[in-house]
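Grab a pencil and work through a few exercises on the structure below. Try each one yourself before you read the solution.

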Amino acid sequence: MSTQHILLDGLPVSFTDGQTIMQAAMAADIFIPHLCHHPEFKPQGSCKLCTVKANGRYVSACTMPARDGMEVENNSPDLNDKRRTMLQMLFVEGNHFCPSCEKSGRCMLQALAYELEMLTPHFPQFYPDRAVDASHPEVLLDFNRCILCELCVRASRDVDGKNVFALSGRGISKHLIVNAESGRLADTDFSLADKAAHVCPVGVILRKRRGFAVPIGSRRYDVQPIGMQVERLARRTTTEEV
Amino acid sequence: MNAAVESRKLRVATTSLAGCFGCHMSFLDIDERLFELLEHVEFDRSPLTDIKHCGPCDIGLIEGGICNAENVHVLREFRHNCKVLIALGACSVNGGLPAQRNHLDLGQCLQEVYLTGPGIVGRQIPNDPELPLPLDKVHPIHEIVRVDYFIPGCPPSGEAIWKFLSDLLAGRTPRLGHPLLHFD
């Protein structure tokens, strides 16, 4: 059987049957920006950051199966402009005040904003009013930073088998909720040992009493931009995301 | 850059609105490069000169967001006078720390701070006519006027400010790469 290839920005990249464009690219150490994708979980293609042009059509690289001879445009000014706009919309929709966030320096949203040179949120800020949930003894929930990637929903439902998280509402009122009558995390069987506790790409699900442990300058994305950490991103497991 | 342009120093104005002067301190962190900068620029209105109003300028640097009526007037004065207006730091770019009051009711904030909070003497909400009225929400400056460039960071490092200004003075498109571009 001859090897199958896609042409990623003109470069032949081999893939095996069933691999998506994202998986083929990551195996070849090529970065495609993404937020809701995680190698341990079934892709759902909701954040749209990984949008590429495959044979002239916009598709999500994390859900689109690779096909032999497929021409894929990824790192182009056109796509990066669109991705930057999506990031700006994510930033203004929530309250992303990086200087006070424990996740700063290892936050994928922030790292992507650096990677795509987002200098301004551009759009008018929503400044939504979202209460934090500090009820759980070990974990803090700061909903201000939620980007609705559903990684915690998928982890809790598909791996932990607990269904602690869900998205509720539609459109602009869509938001993350906790599956308890009180709505409080303390009233669920959620624990720090759950996958869902370690999968948040931003600063919503935070381990208590561990903030700011790594000094500024030494944090994950201080050391190296996210675009140069493809190998780590491809083999990352939830345990290292703490 | 032609000789005629080079012979004239660029006029730069700076101000701190709803900010903490941290960005100005960071600006001073370019240290001895200030001498090099002063070969190319002269300062108009700025905390460094104590000039109170901005005249026609080439570059305006705005630290801080917009939290009261005076901030709006100063920002408009800068936009009116500056050919290039730059948002300097997190607060002017996205509201920053002062904007963390945006989900609170302003009246209740004032009451708690000046009337009902612990350890308060002389319980009275300041109402001197000299004081600018606070806005109900804090805004980043691009929501009020057109802004040409943004330098994020809380504060942006001296290195980032220097890189940005030296690019701009040399006629290059200013660019902040890793690790100069940061939001904290």
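What follows is a set of exercises on a predicted model, each with a worked solution.

**Exercise 1. Find out how confident the predictor is in the complex and in chain B.**

Solution. Start with the complex as a whole: the ipTM is 0.93 and the pTM is 0.95. Then go down to chain B, where the average pLDDT is 95. Finish with the spread: 97% of the residues of chain B score at least 70. As a reading rule, predicted coordinates should not be read in detail where pLDDT is low.

**Exercise 2. Work out whether the radius of gyration of chain A agrees with that of a compact globule.**

Solution. Take the chain length, 242 residues. A compact globule with that many residues would have a radius of gyration near 18 Å, and chain A has 18 Å, so the two agree. Next, look at the extents: the C-alpha trace of chain A spans about 55 × 40 × 40 Å along its principal axes. Now turn to the inside, where 41% of the 242 residues of chain A count as buried. Last, check the contacts in chain A with a separation of 6 or more: 67% of them join residues 24 or more positions apart.

**Exercise 3. Lay out the five-stranded sheet of chain A and say which strands stand at its edges.**

Solution. First take stock of chain A, which has six helices and nine strands. Five strands form an open sheet in the order S2-S1-S5-S3-S4, with mixed pairing. At the edges stand strand S2 (11–15) and strand S4 (57–60) of chain A; each has a single partner strand, so one side of each is left without a neighbour in the sheet. On average, neighbouring strands of this sheet are turned by 40° against each other, direction ignored.

Now zoom in on one pair. Strand S1 (residues 4–8) of chain A runs antiparallel to S2(A), and five bridges join them. Within that pair, A:Leu7 sits opposite A:Pro12 in S2(A).

Then add the helix: helix H2 (residues 77–93) of chain A packs on the sheet, where it touches strand S3 (51–54) and strand S5 (71–73) of chain A. The direction of H2 makes about 150° with that of S3(A).

**Exercise 4. Describe what each chain brings to the contact between chain A and chain B.**

Solution. Count the residues by chain: 20 come from chain B and 16 from chain A. On the chain B side, the biggest giver is helix H5 (residues 90–94), with three residues. Sort that side by residue type, and you get ten nonpolar, seven polar and three charged residues.

Methods. Residues numbered from 1 in each chain as written. Chains lettered and ligands numbered in written order. Predicted model: local features only at pLDDT ≥ 70, side-chain atom pairs only at ≥ 80, totals over all residues. Contact = placed C-beta atoms within 7 Å. Helix = DSSP H or I, 4+ residues; strand = E, 2+ residues; numbered from the N terminus. Nonpolar A, V, L, I, M, F, W, Y, C, P; charged D, E, K, R; others polar. Rg over C-alpha atoms; globule rule 2.2 N^0.38 Å. Buried ≥ 20, exposed ≤ 12 C-beta atoms within 10 Å, placed from the backbone. Pairing = 2+ DSSP bridges. Axes fitted to C-alpha atoms, helices over the stretch in contact; angles between N-to-C directions. pLDDT = per-residue confidence, 0-100.
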